[in-house]
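Q: Please take a close look at one loop residue in this structure and describe its surroundings. I would also welcome an account of how those surroundings fit into the wider chain.

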Amino acid sequence: MEDGFSSYSSLYDTSSLLQFCNDDSMSAASSMEVTDRIASLEQRVQMQEDEIQLLKSALADVVRRLNLSEEQQAMSTRKGPTKARPIIATLPLRPTVNNGTVLPKKGSGTLPSPSGSGSRKDSGTPAHRNLSSLSSLSCAPRIFNLPLSTVRRTSSNEHVGTLTRKDSGDCKGNRTRAGSTGSNSSSKRSDSKQRDPVFNAEEGYVRMYLKGRPITMFMPKDQVDGYCLEARADLPSKKLKLDWVYGYRGRDCRSNLYLLPTGETVYFIASVVVLFNVDERLQRHYTGHTDDIKCLAVHPDKITIATGQVAGTSSDGKQLAPHVRVWDSVSLNTLHVLGAGFFDRALVCLAFSKSNGGNTLCVVDDSNDHVLSVWDWQRQDKLAEVKCSNESVFSVDFHPTDSNIIVTCGKSHLSFWNLEKGMLVKKQGLFEKQEKPKFVLCVTFAENGDAITGDSSGNILVWGKGTNRISHVIQGAHEGSIFALCMLRNGTLVSGGKDRRLISWDSSYQQIQAVEVPEMFGPIRTVAEGRGETVLMGTTKNFVLQGSLHGEFVPITQGHIDELWGLAVHPWKPQFLTCGYDRQVCLWDSSYHQLIWTKNMEDAAQSAGFHPSGAVVAIGTQTGRWLVLDTDTKDLVTVHTDGNEQLSVVRYGPDGNFLAIGSHDNYIYIYAVAENGRKYSRVGKCSGHSSFITHLDWSVDSQYLVSNSGDYEILCWIPSVCKQVVSVETTRDIQWATYTCTLGFQVFGLWPDGSDGTDINAVCRSSDKSLLVTGDDFGKVHLFSYPCSQFRAPSHVYGGHSSHVTNVTFLYDDSFLVSTGGKDMSVMQWRIV
């Protein structure tokens, strides 16, 4: 312990402070000017505050070392000698004092992300925070503002749990972090065995440990006598069934929209393939994938479908190779899985052959060499492979009448491949007099076998059948890049591009007509033939549009176009609201699965909450500004600003008279609410948390507030006076109107082994208080029984999201559950069955 203090004394030199304190220049007898004396006083106060902070840090170091020693001692008595974690890894580094100024340390001054460099969460998200936000993380004398007895060593009255039961289902396997959209995936793992919780029957609390830190949770008095830490929790009797998926991935994917003979439109988002019957307003879902789907192809039989996904991560942190799944669109059964262990990173495009009954499948992966491979997919045999290009590849397709000819295109290249005796032989497209474009973006075929390409220069080039030379040019067909080409059954060519124009061309490549898609829908990413004269389009703003070549396009699917965090449900209607970093606020009807309205904002949105009347909804942003919208008209009611950091949670009291706003600046701002949510006056701010606010809940009578923070504190407040409640006897029996806090006695069983305290992003209790749902960092939705107050409670686990699940909530009548994916930008609606 002396070493611990000596190490701190060597880090921080206090001699300058002592010298400053003994200085007589501050006295009335001093000859210094008043302004200079005030400045010196301010400097002294600042230095004293710095010194107090360092002392707090040293004291916190002592407490942490005690806890670590206690943990190691308990482990050694149970399992013998174990390798201890390096102490330095468990301690936050402090700022250094330099010339009287506190400066954050460079590099090591930031707490490392628990997920490593591949974490799917950005540093701005609630789970990952710079040390500057945790500057007062460890005010040891009031760990979670509980009696000092809570930091003593385990007494004879504390019962240590020795549960070895595993979570139900494939819990640990399901804690695999799915590959993030546009980022490498990584898995969170604890450096050492998680310490089991302890139960103190005398004082009536359970203490659990996250990342080695103790979290003490007092239970209601009437539950103390009958509580047993080893009691087995039950799986919930209810289950979830995926009912609807909102959104489409058009921003960065191509050729992923088709119409099936069943009348279903097929496309994908996150790790779900959606089969949407627009006329009957019904969705079916293929959920065989475990991570982001990047490409899709339909077999000539219009029944068999192939989809390719990115690399995933196993439960032990190892990369799992990407693969192709071939499946039946009628039964939704998986027929074959191809290339697991062969492909690298992700699959970017794939296509079935057309002339040989669709027996072969060509695939291009996202490795450095963008390997092109050809497969007999029914036998799962690889027929050939070749390095395609070290530049990006955007499209691949078989020739319609010769299954040995394949065309690929991408950055600075167009290649014609001939399959001969297990070898792929390449001929480069010769642009000759035509200026070579920077990108060849799409390819299709004419009825006579000519290849047709669209490029970044806005030109359509026709390549003679069987040759690698240009036979015809439509110069300047579009202004800017041509993203999509589609050959209709009647021989009409349709092109769509960055200029949002949809142009049809006859067999002689003469323009028939052109229509422009409204700007709100964005540039055209992909085009597909619909029923009769209808055309389907996917756009870069994640819309799926249906219309004709004469115009009048209507959206059949739409979603967000950036990371999604805010989610709120209407208090008495089947409606919910989403908002995210794309600055869009969307109100949805869960019964008809339709968008009611959308509103663009000036700032990226982080959180949302409805007034109990349902008349207004509050939106919290990433800039400290929050605004209130009229639910019916989406008109702005009021705007306020509190601080300049993101507002993680906004929540009205059950009686509608108060609004609590939790900020990343460690404060909870309280407003009095009048006129049914239309008038706001600031009451004050609740100050006491050492880190950013993550979750809030109100008591049933609206008299109390409970909050969680980024350093695992659980604090209670009287919001009407912005005072903290430190009496355990006052708070332990409070009935909470909602339960969204991730820390608390009623929910601590949801934390799995090895958690670092940031794994669980959101929690929600059902209105009938029988179910608890969580969204985690590994793309999973877990359904528990409530209360969830037994260690390692079992749960039903559901996939579908391919990014961290940022929010979950039950609808007002518990008929459905809604979950939001962060970077996958999807909203999923689950039926409770």
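A: In this predicted model, Ser766 touches Leu771, Phe810 and Asp814, when residues up to four places away in sequence are not counted. Ser766 itself lies in the loop that links β54 (760-765) to β55 (771-776). Its relative accessible area is 2%; the cut-off for a buried residue is under 20%, so Ser766 counts as buried.

Two polar contacts of the Ser766 side chain can be described. One joins the side chains of Ser766 and Asp768 at 2.6 Å. In the other, the side chain of Ser766 reaches the backbone nitrogen of Ser770, at 3.3 Å.

One of the residues touched by Ser766, Phe810, leads to the nonpolar interior. Phe810 belongs to the largest nonpolar core, which has 41 residues; together with Leu240, Phe576, Val773, Val781 and Trp830, it is among those that touch the most other members. Strand β7 (residues 240-246) supplies the largest share of this core, with 5 residues. Apart from this core lies another, of 34 residues, including Phe199, Leu229, Leu750 and Val763.

Trp830 merits separate attention. With neighbours within four places in sequence left aside, Trp830 is in contact with Leu240, Lys241, Leu242 and Asp243. The contacts of Trp830 also include Val781, Tyr798 and Gly799, as well as Ser815, Phe816, Leu817 and Ser819.

Elsewhere in the chain, strand β34 (residues 524-529) offers another buried element: 6 of its 6 residues are buried, so the strand is largely enclosed by the rest of the structure. β34 runs antiparallel to strand β35 (residues 534-539), and 5 bridges join the two. Within this pairing, Glu529 stands opposite Val535 of β35. The two strands form a hairpin with 4 residues between them, and Gly532 in the turn has a positive phi of about 60°.

For the chain as a whole, the secondary structure comprises 7 helices and 60 strands. Of its 833 residues, 59% count as buried. Among contacts between residues at least 6 apart in sequence, 51% join residues at least 24 apart. The accessible surface of the chain comes to about 33,800 Å², and carbon and sulfur atoms account for 49% of that area.

Note on methods
Residues numbered from 1 in each chain as written. Predicted model: local features only at pLDDT ≥ 70, side-chain atom pairs only at ≥ 80, totals over all residues. Heavy atoms only, no water. Buried < 20%, exposed > 50% of the residue type's maximum accessible area, 1.4 Å probe, protein only. Pairing = 2+ DSSP bridges. Contact = heavy atoms within 4.5 Å. Areas by Shrake-Rupley, 256 points an atom, 1.4 Å probe, with all protein chains shown as cover. Polar contact = N/O pair within 3.5 Å; in protein donor to acceptor, adjacent residues only side chain to side chain. Core = buried A, V, L, I, M, F, W, Y, C linked by side-chain atoms within 4.5 Å.
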